[in-house]
Each structure stands twice: as C-alpha cells, then as structure tokens.
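Q: I have a model open and would like to learn how to read its pockets, its cavity and its core. Could you walk me through them?

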Amino acid sequence: MPEQPSSPRSPYPDHAFEAFLFDMDGTLLTSIESAERVWSRWLRRHGLDPVKILPTIHGVQTLETITRLAIPGIDPREEAAWIVREEMTDLDGVRAIAGAVDFVGSLPDDGWAIVTSATRQLAEARLAAAGLTAPLLFITAEDIAVGKPAPDCYIAAARRLGKDVTRCAVFEDAPAGIAAGRAAGAPVVVITATHAHPVETEYPAVRDYVGLTTIHHEGTIRLAPAR
C-alpha cells in the first residue's frame, strides 16, 4: 500500500467506528532514538550485534524479546527490568508524532485507548516527555500475558471500553502490532512517520495525523480530512 501524504484523505471514508485503539511507540510518539541507544548498550554487553537484532525489538514486549534471544546464564526478567530502568532515564529524543496531540485531544474519554507493549511506568514517562496525556484506558505490558502479535491486547481494550473490536480502528506502526490488529478482526491504520523503509501491508497508511480530524455522531467516530 503506497504511503499517503502528510495531509491525507480519510483512510476509511465509509467507516463509522466505535473507538480508536492506539499503539504508542512509533504510532503516537517516537522513542526510537532512546530505545535503540539502550538496547544497543545491552546487546553489546552480551556480545550480540545491534545491527542484526534492533529491527526485531519494536512493537514487542521487552521480556518476550529477551526470552526469544535465549542467552545462556541470564534471568530474562532481571535483564528486562534493567532495560526499562535505563529507558526511564534516557528520554532524549522522545516526541509526539506530528498532529497526534491535537488528534487524540479531539476524542471522547470513552472513545480511545492506548495499547502498548511497554510497561506502565515507562509508557507514562514517554507520554509525558512527548506532551501527550494518557487516556482513561491504558493497556500495558503488565495487563496482558501474551503480547503482540497475539490479538489479546486489542480484544481486551475493546471489551473494557464496552465496544466491538471489529468496529474499532487500530492505529499501529510495527509488523507485530499490525498482525495483532488483523488477528483481532479490526481495521488497521498504519502510521509510517518512523519508518525507514516501506512496510508491505494491505491496510491504508498515513505518515502522521496532520490533516486528519474526527467527526462524532450518535456514539460513533469517523475519520475525515481536516478542512
């Protein structure tokens, strides 16, 4: 799907959604600089090549990534806690995706949620650094046993909002998150602001939230181009 410009038409002009479910990192804010600095330090400590592994860390819970690496002689939970502590103190370069602050600010409290693979403490720190306010419903790594690409997190978020997940728009940037939205049966909007290379996807893609607005009618939300 070719990327749309920064001032797009509506990705779903004919859909009336019950709620919007947002990934955080790479979707509402960019934390790539911070995350890759910390992970690079950690990987080198364990004799691993950041160039090979960094592309695999995004959109997935830290503990799952460390466990998957199967490094002998370490406690994955202790190592994941180390990474989170380092990321908490390294927030340089964390900033909102263009237009995100105003876009989520237009949504009703019961009409959106953040669904992130980050821990709550780290997510709250990054949101504050980016100038974004956390929604009432905030699904983090502590809330879901099986992370993305499993659909559990998005299904749980919709259920807790009292919505049908198939009538919620999922906003994502990473392959694992896109797969989670697909598995949940939700329409997905792919945010490409942090992409270095095009992502192959069947879903509509926009760079950021500039030029997008919302129309509210009888409990539904439509995506529309800003006038």
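A: Here is a short tour, moving from the open space to the enclosed space and then to the core. Keep in mind that this is a predicted model.

Q: Let's begin with the open space. How much space lies in the largest pocket, and which residues lie nearest its centre?

A: A pocket is an open set of points, whereas a cavity is one that the probe cannot get out of. Here the largest pocket holds about 930 Å³ of space. Its lining is made up of 39 residues, and Ile-57, His-58, Gly-59, Val-60 and Ser-117 lie nearest the centre.

Q: Which elements give two or more residues to that lining?

A: They are helix 1 (32–45), helix 3 (62–69), helix 4 (76–89), helix 6 (120–130) and helix 8 (175–184). Helix 4 contributes the most, with five residues.

Q: How do the residues of this lining divide into nonpolar, polar and charged?

A: There are 19 nonpolar residues, 13 polar ones and seven charged ones.

Q: Now the enclosed space. How many cavities of 30 Å³ or more does the structure hold, and what lines the largest?

A: The structure has one cavity of that size. About 50 Å³ of space lies in the largest cavity. Its lining consists of Gln-61, Val-115, Thr-116, Ser-117, Ile-139, Thr-140, Ile-144, Gly-147, Lys-148 and Cys-153. By type, four of these are nonpolar, five polar and one charged.

Q: Let me pick Thr-116. Is Thr-116 buried or exposed?

A: To decide, compare the relative accessible area with the cut-off: buried means under 20%. Thr-116 has a relative accessible area of 5%, so this residue is buried. You will find Thr-116 in the loop between strand 4 (112–115) and helix 6.

Q: What is Thr-116 in contact with, leaving aside its neighbours within four places in sequence?

A: Its contacts include Asp-23, Met-24, Asp-25, Ala-123, Phe-138 and Lys-148. Closer in sequence, a polar atom of the Thr-116 side chain lies 3.0 Å from the backbone nitrogen of Ala-118.

Q: And the core: which residues have the most contacts inside the largest nonpolar core?

A: In soluble globular proteins, nonpolar side chains tend to be buried together. In this model the largest nonpolar core has 56 residues, and Phe-20, Leu-21, Phe-22 and Phe-171 have the most contacts inside it. Helix 7 (residues 152–161) supplies the largest share of this core, six residues. Apart from this core lies another, of 12 residues, including Trp-42, Leu-43, Ile-71 and Ala-80.

Q: What does Phe-20 touch beyond its neighbours within four places in sequence?

A: Among its contacts are Phe-103, Leu-107, Trp-112, Phe-171, Ile-221 and Leu-223.

How values were computed: Residues are numbered from 1 along each chain as its sequence is written. This is a predicted model: local features need pLDDT of at least 70, side-chain atom pairs count only at pLDDT 80 or more; totals for chains, interfaces and linings use all residues. Side-chain values use heavy atoms; hydrogens and water are left out. On a 1 Å grid over the protein atoms alone, a cavity is a set of points where a 1.4 Å probe fits but cannot get out, and a pocket is an open set with protein on both sides within 12 Å along at least five of seven lines; lining residues have an atom within 4 Å of a point. Grid points are joined across faces, edges and corners, and a volume is the space filled by probe spheres set on the points. Helices (H or I, at least four residues) and strands (E, at least two) are DSSP runs, numbered from the N terminus. Ala, Val, Leu, Ile, Met, Phe, Trp, Tyr, Cys and Pro count as nonpolar, Asp, Glu, Lys and Arg as charged, and the others, Gly among them, as polar. Buried means under 20% relative accessible area, exposed over 50%, partly exposed in between (1.4 Å probe, protein chains only). A polar contact is a pair of N or O atoms within 3.5 Å; within protein, one must be able to donate a hydrogen and the other to accept it, and residues adjacent in sequence count only if both atoms are side-chain atoms. Contact means heavy atoms within 4.5 Å. A nonpolar core is a set of buried Ala, Val, Leu, Ile, Met, Phe, Trp, Tyr and Cys residues joined through side-chain atoms within 4.5 Å.
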